[in-house]
Amino acid sequence: MSRDWILHVDLDQFIAAVELLRHPELRGRPVVVGGTGDPTQPRTVAATATYEARAHGVHSGTPLRTALRRCPGAVFLPTDPPAYEAASARVMAVLREFPVRVEVWGWDEAFLGAITDDPETLATDLRDAVRTRTRLECSIGIGDNKHQAKLASGLAKPAGIHRLTTDTWAETMNDRPTDALWGIGAKTSRKLAALGLHTVAQLAAADPAELARHFGPTNGPWYRYLALGKGEAEIVTTPWIARGHSRETTFTDDLTDRDAIARHVADLADQVTQDATAAGREITRVSVKIRFSPFLTRTRQTKLPAPTTDPATVTRTALAVLDRFDLDRPVRLLGVGVDYTMPDP
DNA sequence: TCTGGGGTCCTAGGACCC
DNA sequence: TCTGGGGTCCTAGGACCC
């Protein structure tokens with residue numbers, strides 16, 4: 001019987017896999033990708049690491065200098081976003097050749113909506129086509145909604161196919177910790193544990209009003225909803241409309257000079273405005289982010305009196321927002337972000 | 001582990017208005 | 001006048017995700 005299914009396609013080790021296609025001689029060696037590829041650069045972290053590097057305790061997010069210490073024999077490569085963008089586009093094009101609705105979810109993921117009586121065969125065909133046409137491996141999860149499909153693709157790794165539906169949810173998920181759910185991270189999991197809610201089953205059986213008291217009227221009941229295996233099942237094939245945009249820079253050496261800080265903020269504001277204009281968007285709000293040494297992050301923001309595309313207005317506003325900070329300690333990061341006018345729905 | 005960059009959404013509290 | 005209640009907008013921060 002044909003029915004609607006949600007599939008989640010997750011490219012395995014996407015960035016590392018793209019790099020290994022370009023550098024086949026590195027296959028089987030520990031490879032770490034991040035920053036400019038210079039492992040002595042401080043304040044730079046790995047974007048990804050191959051399984052061989054992971055065996056040495058190097059993961060995505062590991063500082064490169066730590067990676068070098070743990071795995072001196074690793075090959076370090078710079079990140080190359082345009083290359084990943086291009087590889088991602090090739091994969092999405094392959095997916096779109098199938099009779100499915102495709103919702104792109106970042107570089108290395110997509111949700112698919114499909115009507116079929118045999119989702120496993122469809123998934124196998126998709127995986128084989130991606131492999132043949134792009135030489136990239138992917139895992140595919142099958143579910144009744146995005147949440148189930150997303151968790152299923154995680155269970156399918158590497159290069160496998162897994163089905164997780166409402167029928168099998170409880171037996172698969174009930175004994176897992178709450179942070180196994182998509183949308184519950186370390187912080188929330190710890191708070192839930194403090195309430196005696198350690199497993200998915202315990203969260204599913206919790207009182208929604210009690211959860212609302214601790215986590216707010218939306219989040220509290222939503223966590224229980226996740227634990228019951230529910231989730232969004234609508235596939236949106238139209239391109240995502242960004243809510244905003246930002247740029248930020250972490251400095252190798254802290255900034256202390258006020259003029260230098262102001263210059264950087266002005267540069268970021270100008271860049272962000274150019275980005276907005278290139279995207280054909282208007283700016284409604286300007287925010288400035290400062291991370292002070294050692295690691296204290298603060299933001300200030302202001303709504304513009306009217307939407308603008310004018311770099312001078314945005315820069316002037318960003319500098320005025322900057323003036324509201326106490327610049328009383330060294331600065332390790334500066335960022336400027338903007339909100340966009342949203343088109344009428 | 002001395003901790004990137006780019007996003008999204010939610011919450012809480014204050015200002016302001018009726 | 002000696003203090004209510006609700007609605008909306010704005011800001012700062014937090015959590016999560018890739």
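# A buried helix, its core and the DNA-facing surface

Me: Which residues does phenylalanine 14 touch, not counting residues up to four places away in sequence?
Reply: This is a predicted model, in which local features need pLDDT of at least 70 and side-chain atom pairs count only at pLDDT 80 or more, while totals for chains, interfaces and linings use all residues. Residues are numbered from 1 along each chain as its sequence is written, chains are lettered from A and ligands numbered from 1 in the order in which they are written, and side-chain values use heavy atoms, with hydrogens and water left out. Contact means heavy atoms within 4.5 Å. On that basis, the residues touched by phenylalanine 14 are Tyr84, Ala87, Ser88, Trp107, Asp108 and Leu136.

Me: How many of the 9 residues of helix α1 are buried?
Reply: Helices (H or I, at least four residues) and strands (E, at least two) are DSSP runs, numbered from the N terminus. Buried means under 20% relative accessible area, exposed over 50%, and partly exposed in between (1.4 Å probe, protein chains only). The buried residues of α1 include Phe14, Ile15 and Leu20, and their cover includes β1 (3–11) and α4 (81–96). Helix α1 (residues 14–22) is largely enclosed by the rest of the structure because the number buried is 7.

Me: Which element gives the most to the largest nonpolar core?
Reply: A nonpolar core is a set of buried Ala, Val, Leu, Ile, Met, Phe, Trp, Tyr and Cys residues joined through side-chain atoms within 4.5 Å. The largest has 36 residues, and Leu7, Phe14, Leu95, Leu112 and Leu126 have the most contacts inside it. Elements that give two or more residues to this core include β1, α1 and α5 (119–134). With 7 residues, the element that gives the most is α4.

Me: Is lysine 146 buried or exposed?
Reply: Lysine 146 lies in helix α6 (residues 146–156), and its side chain reaches the backbone oxygen of glutamate 234 at 2.9 Å. Among the residues that lysine 146 touches are Trp105, Phe111 and Trp182. Because its relative accessible area is 6%, lysine 146 is buried.

Me: Which element provides the largest share of the surface near DNA strand C?
Reply: A residue is near a strand if one of its heavy atoms lies within 4 Å of it. Of the 19 residues around DNA strand C, those that come nearest include Lys150 and Arg285. Of the strand's atoms within 4 Å of the protein, 93% belong to sugar or phosphate. The largest share of this surface, 6 residues, comes from β11.

Notes
Polar contact = N/O pair within 3.5 Å; in protein donor to acceptor, adjacent residues only side chain to side chain.
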